[in-house]
Amino acid sequence: MEPHPHSTGDSRLRKHRPAEAILMETSEVAAMLSMSTSWVYREASKLGLKGYKLGRARNAKVLYKRAEVFKWLEQQKRH
């Protein structure tokens, strides 16, 4: 197995790639689907997307699991 191209051999000095985000903001989901954020809020549960609410009242942010969004999107594929 070849070493990673950015590897220095010393595990303490290796550069770490940023982890892929697990959650997506409502605005990201809306942009990806070319829909409005209000459409995402209204239709998410019908699509099987469970929202995770962070915060309270008007400042709350709703996040969705990236894997669930892509799974739903894949199910919409036409053959």
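Read from the N terminus, the elements of the protein follow the order β-α-α-β-β-α. In this predicted model, that order comprises 3 helices and 3 strands. The chain has 79 residues, and 23% of them count as buried. The accessible surface amounts to about 7000 Å², with carbon and sulfur atoms contributing 52% of that area. Among contacts with a separation of 6 or more, 45% join residues that lie 24 or more positions apart.

A good place to begin looking inside the protein is its largest nonpolar core, which holds 13 residues. Within this core, the residues with the most contacts are Val29, Val40, Leu49, Tyr64 and Val69. Two or more core residues are supplied by each of α1 (26-33), α2 (37-47), β3 (61-65) and α3 (66-75). The largest share belongs to α2, which gives 4 residues. Leu49 offers a helpful close-up of the core: leaving aside residues up to four places away in sequence, Leu49 touches Ala44, Tyr64, Glu68, Val69 and Trp72. Two of these partners, Tyr64 and Val69, are themselves listed with Leu49 among the core residues with the most contacts.

The pairing of α1 with α2 can be followed residue by residue. The two helices pack at an angle of about 100°, and their axes are 8 Å apart. Because angles of 65 to 115 degrees count as roughly perpendicular, α1 and α2 are assigned to that class. On the α1 side, the contact is made by Thr26, Ser27, Val29, Ala30 and Leu33, which meet Thr37, Trp39, Val40 and Tyr41 of α2. By type, the residues of this contact comprise 6 nonpolar and 3 polar, with no charged residue. Val29 and Val40 take part in this helix contact, and both also appear among the core residues with the most contacts.

Two loop residues deserve a friendly word for their backbone geometry. Ser34 sits in the loop between α1 and α2, and its phi is near 55°, a positive value in a residue other than glycine. The relative accessible area of Ser34 is 64%, so this residue is exposed. A comparable description applies to Ala57, which is not a glycine but has a positive phi of about 50°. Ala57 is placed in the loop between β2 (51-54) and β3. With a relative accessibility of 65%, Ala57 counts as exposed.

Definitions and conventions
Residues numbered from 1 in each chain as written. Predicted model: local features only at pLDDT ≥ 70, side-chain atom pairs only at ≥ 80, totals over all residues. Heavy atoms only, no water. Core = buried A, V, L, I, M, F, W, Y, C linked by side-chain atoms within 4.5 Å. Buried < 20%, exposed > 50% of the residue type's maximum accessible area, 1.4 Å probe, protein only. Contact = heavy atoms within 4.5 Å. Axes fitted to C-alpha atoms, helices over the stretch in contact; angles between N-to-C directions. Parallel < 35°, antiparallel > 145°, perpendicular 65-115°, else oblique. Nonpolar A, V, L, I, M, F, W, Y, C, P; charged D, E, K, R; others polar. Areas by Shrake-Rupley, 256 points an atom, 1.4 Å probe, with all protein chains shown as cover.
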